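Here's a quick walk through one protein model, going from a single loop residue out to the domains and the charged pairs. Have the structure open while you read.

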Amino acid sequence: MSAYLIHDAEAVMTGHLGAEARAGRVDIRVRDGVITEMGQDLPPHADDERLDARGCVVYPGWINTHHHLFQSLLKGIPGGINQPLSKWLGAVPQPRLERMTPELVRIAATVGLAELLLSGTTTCADHHYVYAPGIGAEGTAALFEVAEELGVRLVVCRGAATLVPGPNDFPQSMKPETVGGVIREVETLSTRYHQRGPRPLRQVVMAPTTPTFSVRPADLRPLAEAARAMGLRLHTHLSETKDYVTHCRERHNCTPVEFCARHDWLGPDVWFAHMVHATDEELRLMAQTGTGVSHCPQSNCRLGSGMARVPNMAAAGIPISLGVDGAAGNEAADMIQEVHMAWLLHRALGGPDATKVEDVIHWATAGGAQVLGFEGVGVLAPGMAADLAVYDLGQPRYFGLHDPAVAPVVAGGSAKVRHLLMDGTPRVVNGTIPGLDLDRLQALAAEAVTRLH
Ligand SMILES: [Zn+2]
């Protein structure tokens with residue numbers, strides 16, 4: 001039994017849109033992982049532990065819907081720093097996949113999840129495609145172990161490839177597997193880790209690395225059917241660069257989203273990372289089918305891929321979420337920075353009302369829960385998971401603000417998390433992760449960099 005009363009916050013943002021986005025100066029009572037009450041001046045119960053939120057604002061924990069945690073040891077590699085996606089893949093992750101070990105995955109996941117936690121994140125969907133000879137199930141196990149130790153809801157999107165690319169094809173770094181082999185691996189992971197219910201701590205998703213370059217077209221439908229038969233969702237990269245569009249037009253005489261539609265890869269149980277290059281007709285198809293998107297603006301900037309038309313997607317009714325993407329192609333895995341970037345970029349492109357603070361908070365919380373299918377997570381309301389971040393506004397970047405509720409989003413930068421609860425358990429206290437030795441982690445990461453150089 002755990003019980004907390006978060007009291008005297010300056011403001012609470014719920015993750016909802018519209019009039020419900022701002023809950024005002026309310027206290028929040030938490031019991032056994034769930035919010036039980038929100039209201040002004042709640043009296044403490046005898047067994048409530050009081051968490052002081054004076055001078056703070058409270059948001060739902062961020063939900064990061066696209067990451068590659070193993071890349072947390074591959075940041076800023078000089079050979080890829082000024083390259084587009086295709087060349088960057090060949091220069092940065094591809095030559096290092098076979099050098100990854102379960103131990104390195106563990107260090108990388110600790111680095112990545114620690115950065116996420118310290119920026120207020122409580123859920124991470126990791127698109128994991130480190131399935132080279134010598135590393136397989138142990139790498140996936142390391143991800144789940146680290147997530148459990150640190151206290152993050154983790155969705156492992158099991159990457160896969162079934163073909164060997166030709167010399168002129170888009171580069172792929174994965175060991176090719178058979179369709180049956182991939183399905184068996186996903187079944188094993190599902191049996192071992194996948195939790196059902198409204199606020200799961202661990203899930204598994206079927207996630208060929210791309211539908212266009214990593215698998216044969218005929219393999220897509222059986223992978224989707226097998227996942228749906230197991231009650232698992234589908235995820236993949238799509239239209240991150242123009243290469244996807246050119247490939248589908250030349251090989252299949254259609255757009256990438258039409259190509260996915262032909263192979264049963266659209267629906268409310270599917271979300272695509274990126275969607276930078278998309279026609280209006282593709283957006284209509286995604287909206288009609290309830291297919292979601294993980295918008296990764298910092299990665300798209302870093303790799304020069306372009307910018308997804310996210311305000312148009314939202315207007316069309318497409319479920320929108322945010323992702324930091326792998327840290328080898330976005331040297332920050334900080335969700336505050338990602339949300340700040342999403343808020344700014346679309347205003348540069350579409351004017352000062354293109355994105356509102358409430359919109360980007362919604363995308364990075366409730367929107368993420370929607371694409372992951374987590375019905376009991378993502379907004380602050382009674383009955384929902386107690387996944388929440390209490391941001392301390394006691395630093396100069398926030399001094400002078402007239403509307404403290406918007407502070408973490410509009411001021412960007414490094415937030416100080418006074419309290420972070422995941423499923424009602426404190427996971428960050430005064431900007432530190434209890435039990436995590438950061439000096440030791442820094443030394444392990446530095447040693448890993450020499451091994452992966
Ligand atoms: Zn990615």
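## Two positive phi angles

Asn-430 is partly exposed, with a relative accessible area of 46% (buried means under 20% relative accessible area, exposed over 50%, and partly exposed in between, with a 1.4 Å probe and protein chains only). You'll find Asn-430 in the loop between E18 and H14 (helices, H or I with at least four residues, and strands, E with at least two, are DSSP runs numbered from the N terminus). The phi of Asn-430 is near 50°, a positive value in a residue other than glycine. Most residues other than glycine have a negative phi.

Asp-325 also has a positive phi, about 65°, and isn't a glycine either. Its place is the loop between strand E15 (320–322) and helix H11 (335–350). With a relative accessibility of 7%, Asp-325 counts as buried.

## What you're looking at

This is a predicted model, where local features need pLDDT of at least 70 and side-chain atom pairs count only at pLDDT 80 or more, while totals for chains, interfaces and linings use all residues. Residues are numbered from 1 along each chain as its sequence is written, and side-chain values use heavy atoms, with hydrogens and water left out.

## Two domains and their interface

The domain assignment gives domain 1 (3–59 + 381–429) and domain 2 (62–372); such bounds come from an automatic or database domain assignment. In this model, the C-alpha centres of domain 1 and domain 2 lie 29 Å apart. Their contact takes 29 residues from domain 1 and 28 residues from domain 2, contact meaning heavy atoms within 4.5 Å.

How much area do domain 1 and domain 2 bury between them? About 2200 Å², with 65% of it on carbon and sulfur atoms. Buried area here is the accessible area (1.4 Å probe) that two parts lose on being put together, summed over both.

Across the interface of domain 1 and domain 2, there are 9 residue pairs in polar contact, both residues being at pLDDT 80 or more. A polar contact is a pair of N or O atoms within 3.5 Å; within protein, one must be able to donate a hydrogen and the other to accept it, and residues adjacent in sequence count only if both atoms are side-chain atoms. On the side of domain 1 that touches domain 2, strand E16 (388–392), helix H13 (407–411), strand E17 (416–422) and strand E18 (425–429) each supply at least two residues. That side divides into 19 nonpolar, 5 polar and 5 charged residues (Ala, Val, Leu, Ile, Met, Phe, Trp, Tyr, Cys and Pro count as nonpolar, Asp, Glu, Lys and Arg as charged, and the others, Gly among them, as polar). The interface also has 4 salt bridges, a salt bridge being a side-chain nitrogen of Lys or Arg within 4 Å of a carboxyl oxygen of Asp or Glu.

## Around His-237

His-237 sits in strand E12 (residues 234–238) and counts as buried, at 7% relative accessibility. Which residues does His-237 touch, not counting those up to four places away in sequence? They are His-66, His-68, His-127, Thr-209, Thr-210, Pro-211, Tyr-244, Ala-273 and His-274.

Two of these neighbours come with distances. The side chains of His-237 and His-66 share a polar contact of 3.1 Å, and a polar atom of the His-237 side chain lies 2.8 Å from the backbone oxygen of Thr-209.

## Salt bridges

The whole structure has 25 salt bridges. One of them joins the side chains of Asp-48 and Arg-29, at 2.6 Å from N to O. Asp-48 lies in the loop between strand E5 (34–39) and strand E6 (49–52) and Arg-29 in strand E4 (residues 27–31), so the pair ties together parts 19 residues apart in sequence. Asp-48 is buried at 10%, and Arg-29 is buried at 2% relative accessibility. Both belong to a salt-bridge network of Arg-29, Arg-31, Glu-37, Asp-47 and Asp-48.

Glu-103 pairs with Arg-451 in another salt bridge, with the closest N and O atoms 3.6 Å apart. Glu-103 is in helix H2 (residues 102–118) and Arg-451 in helix H14 (residues 438–452), so this pair ties together parts 348 residues apart in sequence. Glu-103 is partly exposed at 42%, and Arg-451 is partly exposed at 33%.
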